[in-house]
Amino acid sequence: MSARRWAVGTGAVVVLVATGTWAMRPGTVDTRLWDEIRPVVEARLAAESQGTGHGEDVSGLHTRWFCRAEALDVAERGGEVRAGVDTLCLEYGVRDGGLVECGGGKGPQVVRLERDPHGGYRVLSREAPPDGAGNADWTEAHFGSLSRAALDGTIASDTLERAARAHFGLPADAPVGDCRIR
């Protein structure tokens, strides 16, 4: 009798572990579609970040925004694409031969796109959660539980730092500082 209970208990544990693993997966992502729309999404994020950092407050400092988006769920329906993404946008500039970070933000967003007549994509809308207490409610309303679980991850800034160094013509090992500290 104890062997039967052991088998039932083991089976229950296996089911619970499998269910927990399934529940923690990110949402559904059409990777082919994501590869097509990612550059458009990231360019829109960078363009809409202009003027929101500290770089414009620093005299003589030319800055640019760099953004990275990680897909949480991407699906196409009726010619429209809905991309639920986790984003990281950072504003960089150059001072004394080094890269300086001047501002940034991270968070979930929903971007809706449509295919343009030339085969590319254009952004129809972009939604982000409100600042403050409504953030959790917005995220719950716009993302399924699988996608929300993936939001707990981090997006590394090293890709953005490399892109900024290349954009400004800095060496790969140029240090990164804070633009508000002189």
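How many residues lie between strand 2 and strand 3 in their hairpin? The hairpin has 2 residues between these strands, and Asp96 in the turn has a positive phi of about 50 degrees. The structure is a predicted model, in which local features need pLDDT of at least 70, side-chain atom pairs count only at pLDDT 80 or more, and totals for chains, interfaces and linings use all residues. Residues are numbered from 1 along each chain as its sequence is written, and side-chain values use heavy atoms, with hydrogens and water left out.

The chain contains 5 helices and 5 strands. Helices (H or I, at least four residues) and strands (E, at least two) are DSSP runs, numbered from the N terminus. Along the sequence, the pattern reads α-α-β-β-β-β-α-α-α-β.

Strand 3 (residues 98-115) pairs with strand 2, strand 4 and strand 5. Two strands count as paired if DSSP finds at least two bridges between them. Strand 2 (residues 80-95) runs antiparallel to strand 3, and 16 bridges join the two. Within this pairing, Leu88 stands opposite Lys106 of strand 3.

Strand 4 (residues 121-127) is also antiparallel to strand 3, with 6 bridges between them. Here Val111 faces Arg126 of strand 4 as its opposite residue. These two strands form a hairpin as well, with 5 residues between them. In that turn, Gly119 has a positive phi of about 95 degrees.

Strand 5 (residues 176-178) pairs with strand 3 in the parallel sense, over 3 bridges. Asp178 in strand 5 is the bridge partner of Glu101.

Across the chain of 182 residues, 35% count as buried (under 20% relative accessible area, with exposed over 50% and partly exposed in between; 1.4 Å probe, protein chains only). The accessible surface comes to about 10600 Å², computed by the Shrake-Rupley method with a 1.4 Å probe. Carbon and sulfur atoms contribute 54% of that surface. Among contacts (heavy atoms within 4.5 Å) with a separation of 6 or more, 64% involve residues 24 or more positions apart.

Confidence varies along the chain. The mean pLDDT (the predictor's confidence in each residue, from 0 to 100) is 79, and 73% of the residues score at least 70. Helix 5 (residues 158-168) is highest, at a mean of 95. Helix 1 (residues 2-23) is lowest, at a mean of 41. The pLDDT is below 50 over residues 5-26, a stretch with 8 contacts in the model beyond near neighbours in sequence.
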